[in-house]
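Colleague: I should be grateful for a close look at one part of this model, namely the packing of its helices. Please treat it as a single connected account.

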Amino acid sequence: MSRGAIYAGLTGVFQATGRKTLRLNPGAMQTKEEFMAQNRGGQGILGQFGYPGLVALLYNFADITAVAGAAVAANLILSSDALASAARLTVLVALLLTHVIFSRLGLYDSWRGRSVVEQAGRLVSGWIAVMASVITIGFLLDITTAFDRGWLFLWLILGAIFLVLARSAAALGLRFVRTRGWSRKRVVIVGGGAWAATVIRRLNNASWLGLDVVTVLDDDRRRHGEAIDGAPIRGGFELLPQLVQQRQVEEIWICLPITSGRPGESDSLDRVLNLLRHSTITQRLVPNLTEMRLMNRPMTQITDLSVVS
């Protein structure tokens, strides 16, 4: 299978949190009520109410506060009068455009573990796009003379600063929540080699990410029952569909070689992707340093690991 075909299969999202031991029993079937009762304790408080939606709500609140606050602050610096009606209408339009443009830029997705610099860059770029759209609409409607252009320029500068500060505060709040164990995701590692062990150690050392490695799957039957940095090797790759169907797991991290290093390795990644071909689970391919040079796909940085999502 070509690398392009391999990368095309890596998509999706699914949820889980907490450090519970997964008891894999192929013959056991659960009702929805039994499943929710068994897994509720491991989700964390936020996980029970839909973590992605709460993150988006928090980011929206931070952005509204920053944009509106920057507009008011710019007006107070330049004048002691209240915002004019045209300026208030402009702020409302900017708030609407902020939500639309930021959504397109993925700024309301979870940024757990991803680069703060990248997020700040997208925020500033998105805010510039918002203000450019506001100015364009103003020219088209011939209302640019209704408000002070100095206020508009100062709003642009303060808006960028306030947005970065507001998002930083939100990120710190989310980090605190994860550190307290209120929002954690359960991760399954596919592969039990040296690189997988390195990935597990890095995730365990970055507890603020809120990512708990709860189980490892490896086709080497001699290693079943062992543990890698506290994460038990529960079985082979054939257990993946069962994990998806019967357990609330959030992410699958695939730590298998893209290129063949020993007999049988070249087929492992193909087989894993085939097992997950119908799932909507987040699958992250975690290449090692050598394989990263062979890749021509965009990568996401999670802590100090480069992954293909």
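In which sense, left-handed or right-handed, does helix 6 pass helix 7 in their crossing?

Modeller: The crossing of helix 6 over helix 7 is right-handed (the near helix is turned clockwise from the far one by less than a right angle). This is a predicted model, in which local features need pLDDT of at least 70 and side-chain atom pairs pLDDT 80 or more, while totals use all residues. Residues are numbered from 1 along each chain, and side-chain values use heavy atoms, without hydrogens or water.

The protein has eleven helices and eight strands (DSSP runs of at least four residues, H or I, and at least two, E). Of its 309 residues, 45% are buried (under 20% relative accessible area, 1.4 Å probe). Among contacts (heavy atoms within 4.5 Å) with a separation of 6 or more, 75% join residues 24 or more positions apart.

Helix 6 comprises residues 116-141, and helix 7 runs over residues 149-179. Their axes (lines fitted to C-alpha atoms over the stretch in contact, with angles from 0 to 180 degrees) lie 10 Å apart, at an angle of about 150 degrees. Helix 6 is therefore roughly antiparallel to helix 7 (over 145 degrees). On the side of helix 6, the contact is made by Gln119, Ala120, Leu123, Val124, Trp127, Met131 and Ile135. Helix 7 contributes Leu152, Trp155, Leu156, Gly159, Ala160, Leu163, Val164 and Arg167.

Helix 7 also packs with helix 5, residues 85-104. Here the axes come within 13 Å and cross at roughly 45 degrees, so helix 5 and helix 7 are oblique to each other (35 to 65 or 115 to 145 degrees). This crossing, too, is right-handed. Ala87, Thr90, Val91, Ala94 and Phe102 of helix 5 meet Trp151, Trp155, Leu163 and Arg167 of helix 7. Trp155, Leu163 and Arg167 thus appear in the contact with helix 5 and in the contact with helix 6.

Trp151 also touches Ala71, Ala74, Asn75, Leu78 and Leu83, besides Ala87 and Val91, leaving aside residues up to four places away in sequence.

The largest nonpolar core (buried Ala, Val, Leu, Ile, Met, Phe, Trp, Tyr and Cys joined through side-chain atoms within 4.5 Å) has 33 residues. Those with the most contacts inside this core are Tyr59, Phe102, Trp127, Val130, Trp151, Trp155 and Leu163. Helix 4 (51-78), helix 5, helix 6 and helix 7 each supply at least two of its residues. Apart from this core lies another, of 19 residues, including Val199, Ile200, Val286 and Ile302.

Notes
Buried < 20%, exposed > 50% of the residue type's maximum accessible area, 1.4 Å probe, protein only.
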